[in-house]
Amino acid sequence: MVKLKWKKQKQISNKVSVESWSNYSDLICPKIINKFIDQNFLKNNEFLNFLKKIKENWINKLIWGDNLEILQYLLKKFEEKIDLIYIDPPFFTNSEFYHKVFIGTSNKSFKKIAYNDKWNNGIDSYLDFIYERLCLMKKLLSEKGSIYVHVDWHISHYIKLIMDQIFGLENFRNEIIWYYPAASAQTKRFYVRSYDSILFYTKSDDYIFNDDPNIYMDYSKRVKNAVQKDEKGYFYYRGGSHDGKKLSRKVYVEKKGVFPRDVWTKIPYIRANTLEYQGFSTQKPERLLKRIILASSNKNSIIADFFCGTGTTLAVSEKLNRRWIGCDLNWYAINTTIKRLLNLQHSNDILNWDEFYGKFSNSFEVYSFMSDEHKGKIPELFLINNKKTNSKKNEKSNLKINVNRDDNRIKLSLEGYFFPYFKELNKKIRTKISDWKDSIDYFAVDFNYNNNEFVPQWISLRTPKTRKMRFNTGWYYYDKARKNNIDILVKIIDIFGFETTKKVSIILRT
Ligand SMILES: C[S@@+](CC[C@H](N)C(=O)[O-])C[C@H]1O[C@@H](n2cnc3c(N)ncnc32)[C@H](O)[C@@H]1O
């Protein structure tokens with residue numbers, strides 16, 4: 001694997017100090033705000049404030065919930081405002097898809113269902129599902145907007161007909177073939193399937209499509225090796241043929257490569273040994289999204305992915321200075337996306353893949369259309385006798401926190417995590433967790449909690465690549481003139497997705 005180079009120094013917030021940064025994924029910025037939307041939200045004043053805020057100061061949005069509800073909600077504000085939609089929905093595969101959950105710093109892991117692509121009422125129910133969502137997406141697209149729908153042989157021909165009906169045959173631009181060599185050929189009864197289709201439609205004939213040097217495809221090795229520069233600085237190679245005879249005339253070419261064709265062959269599928277790997281089996285490569293985003297949006301365009309999974313579209317939009325909205329039904333996908341964005345500085349630079357991106361992501365808000373009980377779930381397979389756990393109802397999980405105070409600064413350490421369902425885990429999984437620390441995946445602290453929004457200034461987390469995390473924060477400095485009573489909220493998320501919070505109230509100066 002290529003050894004990645006650091007491009008920029010890490011930034012440290014001036015509010016919190018840490019002694020050493022090496023080998024950890026923790027950070028202090030960006031700002032992440034968690035919000036819960038209740039059913040009355042759209043009706044009351046809060047919604048008006050929300051709209052006002054968007055107008056004044058954009059902040060990227062990650063939303064947890066069913067995209068049907070979310071699309072209807074977004075229409076109130078974003079009708080004809082979104083320049084690019086990329087979706088990678090379930091493909092009607094009749095399968096379950098998994099993600100890998102890693103435990104502590106070891107290489108132990110277990111698999112958990114990420115989403116279910118089984119349709120009890122067959123293809124009709126799938127087509128109903130996708131049709132109503134695509135109709136809403138069309139309304140959200142700007143006049144210059146584009147939509148890319150990522151599918152495969154299971155459903156692509158049906159989706160094509162639906163898209164023709166909704167967007168108009170005249171607005172169909174390409175069927176992009178993303179070819180990837182099949183990992184294992186398990187059949188000799190038909191040809192091995194080795195590509196996905198991405199259907200590209202626009203809202204109108206006047207759409208954004210940029211001739212950007214970074215979307216170009218590489219020349220073949222032969223042409224690449226033969227390219228020379230003439231006296232005026234133009235690039236050419238010698239070649240061509242006429243009447244079966246080889247010529248040696250100059251063939252002028254653009255140095256940056258060839259304008260992209262609709263068959264994309266050089267983008268590898270995600271492998272577990274890559275930096276971008278998030279543990280999901282259906283994760284798509286960032287370099288696939290790079291070409292789509294550069295071609296079909298401008299800086300500052302709003303880009304949306306309503307089946308965002310591990311947040312690939314959002315991460316690439318962020319790196320290319322686009323604004324974004326993402327949503328997913330699965331809490332674990334949202335959780336993974338949050339961690340991926342918070343850890344963006346350690347990922348590949350999208351324009352120089354062999355370098356680290358090196359910058360923090362911009363602030364983003366996390367909205368929730370779901371209730372907390374949908375957050376954590378232990379697969380029944382991991383419970384004693386495969387029984388459903390009900391410990392959440394009886395016993396509460398708890399955190400042991402130590403507060404260290406010194407004049408106008410405070411730091412915290414996490415000393416213990418009690419999770420009642422631990423005793424309900426079967427031996428197979430229990431033996432993989434040797435310490436309470438092994439079960440923790442994310443630790444965040446809001447040193448100025450205001451009872452409404454959780455806005456952590458300190459976050460430490462594990463990713464599939466960076467397993468170490470910190471359990472003690474750096475010093476947080478309060479203004480000297482600060483009021484006496486302060487609420488601090490500590491939040492942890494464990495490897496099963498359960499979230500536990502604890503409020504610590506302190507008197508800063510007496
Ligand atoms: C193929 S995956 C997307 C993978 C993503 N492109 C990536 O790179 O990680 C499909 C996602 O759609 C989500 N999903 C399925 N039904 C949904 C719904 N009704 N609303 C929102 N998300 C949904 C699933 O939870 C899953 O994460």
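Two strands are taken to pair if DSSP finds at least two bridges between them. In this predicted model, that criterion is met by strand E4 and strand E14 (residues 302-305), which run parallel and are joined by 2 bridges. Within this pairing, Ile85 has Ala304 of E14 as its bridge partner. E4 also has a partner in strand E7 (residues 141-151); here 5 bridges join the two strands, again in parallel. One of the residues involved, Ile82, stands opposite Leu141 in E7. Strand E4 itself spans residues 82-87, and because 6 of its 6 residues are buried, it is largely enclosed by the rest of the structure.

Helix H7 (residues 312-319) is likewise worth a look. This helix is mostly covered, with 8 of its 8 residues buried. The buried set runs through Thr312, Thr313, Leu314, Ala315, Val316, Ser317, Glu318 and Lys319. As for what covers them, the buried residues of H7 pack against strands E4, E14 and E15 as well as helices H6 (286-296) and H8 (331-342). Just after H7, the backbone at Asn321 adopts a positive phi of about 60 degrees.

Turning to the ligand, 20 residues surround it, and the closest are Asp88, Phe307, Gly309, Thr310 and Thr312. Thr312, one of these closest residues, is also among the buried residues of H7. By character, the shell around the ligand comprises 9 nonpolar, 7 polar and 4 charged residues. At least two residues of this shell come from strand E6 (109-117), and at least two from strand E15 (323-328); E15 is also one of the elements against which the buried residues of H7 pack.

Conventions: Residues are numbered from 1 along each chain as its sequence is written. This is a predicted model: local features need pLDDT of at least 70, side-chain atom pairs count only at pLDDT 80 or more; totals for chains, interfaces and linings use all residues. A residue is near a molecule or strand if its C-beta atom, placed from the backbone, lies within 6 Å of it. Helices (H or I, at least four residues) and strands (E, at least two) are DSSP runs, numbered from the N terminus. Ala, Val, Leu, Ile, Met, Phe, Trp, Tyr, Cys and Pro count as nonpolar, Asp, Glu, Lys and Arg as charged, and the others, Gly among them, as polar. A residue is buried if 20 or more other C-beta atoms lie within 10 Å of its own, exposed if 12 or fewer, and partly exposed in between; C-beta atoms are placed from the backbone. Two residues are in contact if their C-beta atoms, placed from the backbone, lie within 7 Å.
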